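This report goes through one model, beginning with its charged pairs and then turning to single residues and the chain as a whole.

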Amino acid sequence: MFHGTTLWQQRIPLKMIRYTPDSGKTIETFPDLPENLYAALVKSAKAFPQKNAFIDNYGRIYTFSDFKSKVDLFAGYLKHNIGVTRGNHVAIMFYNSIEFCVAFLALIKLGAVTVPMPTKFKQAEILSLLKHSDIDHIICDEHFHTWFSDYENSGITVISAPDAEAGYAFTAYEDPDHTDEKCDSTSGAQALLMFTSGTTSQSKGVIIKNYNIMHAVKAYQLLLGITEKDVSVIATPIYHVTGLIALLGLFIYTGGTLYLHKFFDARRVLDCVEKNGVTFIHASPTVFSMLLSESSHFPELPSLKSLACGSSNMPAGKLHKYHEWLPDMVFHTVYGLTETSSPATIFPGNACTSEYIGSSGLPIPGTVFKILDESGNEMPAGKVGEIWISGSVVLESYYKLQTDSLKNGWLGTGDLGYITADGYLYVVDRKKDMINRGGEKIWSFDVENELYQIPGVEEAAVVGIPDEVYGEVAVAAVKKEPGAHFTEQELKEVLLTRIAKYKVPAHIIFMNEIPETPNGKIDKKNIRQLFTEKTEGGKS
């Protein structure tokens, strides 16, 4: 087993405590943490009342004092006019906006469970998630109001916020008679019900408690060195665990400043960095690829001191390109899941220049990792197996679901990887995405990393498809950089000089965009289907 606290104590001073929140689970965590994000907001608003907390999509500024006041007013309305109480399930569906932030913090204050709905989903997908959520109330952008007419007709309150471009949209939903700081939420109370990526029928409902969130937030703050002087922009959908905890929660806790962009636009984000002194960005590999494609327009960004990248594999080739572009920037790779409240590992120092490039870093303090083979036996350092995690950021349970992937406090991630003797995690593939070519195992991340090393390859995704001879073979979808000219055969010939012949994709297709899931990850299921249809049609 690999203990995060022990690994980090070799690098930074750490004082951890044993703590039992009211949920009953004893955890190893940081001392003196606020019980929840609302308590963290109260603390930041007292310390930095006139400091900018948010600048919204339309350039409107909200200080910490302003923001806390809006949270208190909205919480008063929800409690005394709508009847929202501790334990209620409340869906919120907004684009990145101050209204989303106010609603989330108000629900934390009331002890209600926030159920964030993905704005990229279609109506049928949203209704399927709601069906599995036991929703008591809904708060949404007016754009989505009609989607919930059946719920409204059945007696469930739907609060619809008008177009925020004209001004703060919750002005009509405030109760000035009930603005005290009394908080109905404890450290062990449920705070979030979030659904994992995938189709709605396959999604698992992840229950995240306040202590999970606060431990995650403190781990990010301590290990990334985030302070009240930092400035960031939410470039990913705010309803993702990264947006909710690794950015919104982190910056409320530290007293930093956040820019809220309604939609992601790479050039707009970099323009924001340049003009507003953004110091930190946390996003997915796809977002970082899009930012990198705009680098020629922003040759220098001196304020940008730190980047963090999670969600999926960040190839070494991309890290080298980032270092060439921003040599003074420190790039932290991160590994985590919704089930780990965002962070499970964080890379210490600069992944771009480290001998451990390609690693996702060290298990964070308060977590324990082990690598198991298919029979459940623990593997030694350096051997590939399934990654299992326990600790203070790991969920206690799924919502109304029993699964063998959660046993005795241990979470089986479904990811394959290994840990070096000195504690660095390397993720090699999703268990379901490992390719077995005639008995030879192919890790898709290995082949993708080699593709990224080839000049002109902007994005790549490798999957396995059925094959009559070998059972399964590797195939690849590739997005070219602008102006790049090479053929499928030329790519294969380059790969043959770098990796074993059996690993070279049997087919490569070129795409204008690599398909993504609504949660911003590469959609390998979609890509696999494209190849299967192509080969079955005899067109390969």
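In this predicted model, whose residues are numbered from 1 along each chain as its sequence is written, there are 17 salt bridges. A salt bridge is a side-chain nitrogen of Lys or Arg within 4 Å of a carboxyl oxygen of Asp or Glu. Local features need pLDDT of at least 70 and side-chain atom pairs count only at pLDDT 80 or more, while totals for chains, interfaces and linings use all residues; side-chain values use heavy atoms, with hydrogens and water left out.

The table lists some of these pairs.

| Acidic partner | Basic partner | N to O distance |
|---|---|---|
| Asp56 | Arg60 | 3.1 Å |
| Glu294 | Arg267 | 2.9 Å |
| Asp271 | Lys275 | 3.2 Å |

Burial is graded by relative accessible area: under 20% is buried, over 50% exposed, and partly exposed lies in between (1.4 Å probe, protein chains only). In the pair Asp56 and Arg60, Asp56 counts as buried because its relative accessibility is 6%. Arg60, at 22%, counts as partly exposed.

What does the salt bridge between Glu294 and Arg267 tie together? Glu294 lies in the loop between helix 10 (285-293) and strand 15 (306-309), and Arg267 lies in helix 9 (residues 266-276), so the pair links parts that are 27 residues apart in sequence. Helices (H or I, at least four residues) and strands (E, at least two) are DSSP runs, numbered from the N terminus. Glu294 is buried, with a relative accessible area of 16%, whereas Arg267 is partly exposed at 40%.

Helix 9 also holds Asp271 and Lys275, which are four residues apart and therefore separated by about one helical turn. Asp271 has a relative accessible area of 25% and is partly exposed; Lys275, with 62%, is exposed. Elsewhere, Lys68, Asp72, Lys109 and Glu181 are joined into one network by salt bridges that share partners.

Tyr322 is placed in helix 11 (residues 316-325). Is this residue buried or exposed? Tyr322 is buried, with a relative accessible area of 1%. Contact here means heavy atoms within 4.5 Å. With neighbours within four places in sequence left aside, the contacts of Tyr322 are Phe288, Leu291, Leu292, Leu307, Met314, Met329 and Phe331. Between Tyr322 and Glu294 the C-alpha to C-alpha distance is 12 Å, and the two are 28 residues apart in sequence.

A lysine can be described in the same way. Lys492 belongs to helix 13 (residues 488-496) and counts as buried because its relative accessibility is 15%. Which residues does Lys492 contact, leaving aside neighbours within four places in sequence? The list is Val504, Pro505, Ala506, His507 and Ile508.

Positive phi values come next. Asp32, a residue other than glycine, has a positive phi near 60 degrees. Asp32 sits in the loop between strand 3 (27-29) and helix 2 (37-47), and its relative accessible area of 73% makes it exposed. Lys400 is also a residue other than glycine with a positive phi, near 55 degrees. The loop between strand 20 (385-391) and strand 21 (406-407) contains Lys400, which is exposed at 66% relative accessibility.

The remaining values concern the chain as a whole. The chain has 14 helices and 28 strands. Its C-alpha trace spans about 70 × 50 × 45 Å along the principal axes. The radius of gyration, taken over C-alpha atoms, is compared with a globule rule of 2.2 Å times the number of residues to the power 0.38. For 540 residues a compact globule would have a radius of gyration near 24 Å, and the 23 Å of the chain agrees with this.

Buried residues account for 60% of the 540 residues. Of the contacts between residues at least 6 apart in sequence, 67% join residues at least 24 apart. The accessible surface comes to about 21500 Å², and carbon and sulfur atoms hold 48% of that; these areas come from the Shrake-Rupley method with a 1.4 Å probe, and for residues only the protein chains shown count as cover.

The chain carries 49 positive and 62 negative charges, whose mean positions are 3 Å apart. In that count Lys and Arg are positive and Asp and Glu negative, with His and the chain ends not counted. Each charge is placed at NZ of Lys, CZ of Arg, CG of Asp or CD of Glu.
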